[in-house]
Protein chains: 2
Amino acid sequence: MTDYPIPAMDDVELVEVLRAVADPIRLHIVGVLADGEAHPKTVDDWGVDVTKSTMSHHFKILRESGLTRTLVEGRTHCIQLRRVELDEKFPGLVDALTR
Amino acid sequence: MTDYPIPAMDDVELVEVLRAVADPIRLHIVGVLADGEAHPKTVDDWGVDVTKSTMSHHFKILRESGLTRTLVEGRTHCIQLRRVELDEKFPGLVDALTR
DNA sequence: CCGATAGTTCGATGATTGTCGAACAATTTG
DNA sequence: CAAATTGTTCGACAATCATCGAACTATCGG
């Protein structure tokens with residue numbers, strides 16, 4: 001059971017979060033995650049035309065920036081926004097990114 | 001009298017704005033501009049340790065992204081946030097970036 | 001155990017980026 | 001006009017980045 005570490009919100013820097021969403025695909029992912037739900041990482045479901053490995057790369061950058069967490073259930077990995085923490089640390093940011 | 005063109009706000013894309021602020025120096029510049037005033041571009045006043053040409057480069061990216069405008073008065077160039085337009089197009093974004 | 005499924009990790013590669021110094025342009029001042 | 005001031009532009013360079021395919025790990029179903 002692999003563990004996917006996320007940074008403590010105290011260590012999350014705004015400029016790193018911005019760097020994470022400063023990419024069309026990653027911004028789109030965050031837009032989909034705006035509903036707060038955990039979404040399976042299955043490539044087909046995201047409507048973007050890149051390979052598995054590229055998607056995995058984007059998911060990793062989002063996670064390491066502090067924006068998301070990964071939930072593992074068996075073979076299925078789900079990704080979810082860390083909304084509550086983000087709203088506390090960067091008020092209005094997620095809203096502004098996902099309107 | 002050189003003219004520094006800025007994109008119409010209709011043509012400004014969120015991901016380009018994010019790309020512009022996804023750099024420590026440029027985010028810092030935007031933070032200084034948060035007061036809404038026009039600031040002279042004079043390097044010494046920004047508290048960052050880069051050359052004139054690098055600053056000029058950053059100012060250009062901010063302007064082309066749609067975040068700022070440049071006001072020319074003689075030898076002095078001033079930079080200013082396009083706050084009203086930005087707040088209308090991306091509600092809460094500038095606030096979240098400069099809180 | 002075996003094959004299929006779901007993702008990650010690992011090079012490699014081509015494109016983009018931040019930085020600098022030098023040259024250039026425009027304006028003010030002596 | 002000449003020199004100084006303020007900033008832009010250009011070329012170069014090293015570092016970073018998005019992307020891919022291949023190999024790998026882990027889980028589920030038969």
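A residue counts as near a strand if one of its heavy atoms lies within 4 Å of it. With that in hand, let us walk along the two DNA strands of this predicted model, in which local features need pLDDT of at least 70, side-chain atom pairs count only at pLDDT 80 or more, and totals for chains, interfaces and linings use all residues. Residues are numbered from 1 along each chain as its sequence is written, chains are lettered from A and ligands numbered from 1 in the order in which they are written, and side-chain values use heavy atoms, with hydrogens and water left out.

**DNA strand D**

Around DNA strand D there are 23 residues, and the closest are A:Arg26, A:His58, B:Lys41, B:Lys52 and B:Ser56. Of the strand D atoms that come within 4 Å of the protein, 62% are accounted for by sugar and phosphate.

Which elements supply at least two residues each of the surface near DNA strand D? They are α2 (24–33) and α3 of chain A, together with α3 and β3 (76–81) of chain B. Helices (H or I, at least four residues) and strands (E, at least two) are DSSP runs here, numbered from the N terminus. The largest share, five residues, comes from α3(A).

**DNA strand C**

DNA strand C has 23 residues around it, of which A:Lys41, A:Lys52, A:Ser56, B:Arg19 and B:His58 come nearest. Sugar or phosphate makes up 65% of the strand C atoms within 4 Å of the protein, and the rest belong to bases.

For this strand, α3 (52–65) and β3 (76–81) of chain A and α2 (24–33) and α3 (52–65) of chain B each give at least two residues to the nearby surface. Here α3(B) has the largest share, with five residues.

In residue character, the surface near DNA strand C divides into five nonpolar, eleven polar and seven charged residues. The surface near DNA strand D has five nonpolar, eleven polar and seven charged residues. In these counts Ala, Val, Leu, Ile, Met, Phe, Trp, Tyr, Cys and Pro are nonpolar, Asp, Glu, Lys and Arg are charged, and the others, Gly among them, are polar.

**Polar contacts**

A polar contact is a pair of N or O atoms within 3.5 Å. Several of those made with the DNA are set out below.

| Protein atom | DNA atom | Distance |
|---|---|---|
| A:Ser56 side chain | strand C phosphate oxygen | 2.6 Å |
| B:Thr51 backbone N or O | strand C phosphate oxygen | 3.0 Å |
| B:Thr54 side chain | strand C phosphate oxygen | 3.0 Å |
| A:Arg26 side chain | strand D phosphate oxygen | 2.8 Å |
| A:Ser53 side chain | strand D base oxygen | 3.0 Å |
| B:Thr42 side chain | strand D phosphate oxygen | 3.2 Å |

Methods: A polar contact is a pair of N or O atoms within 3.5 Å; within protein, one must be able to donate a hydrogen and the other to accept it, and residues adjacent in sequence count only if both atoms are side-chain atoms.
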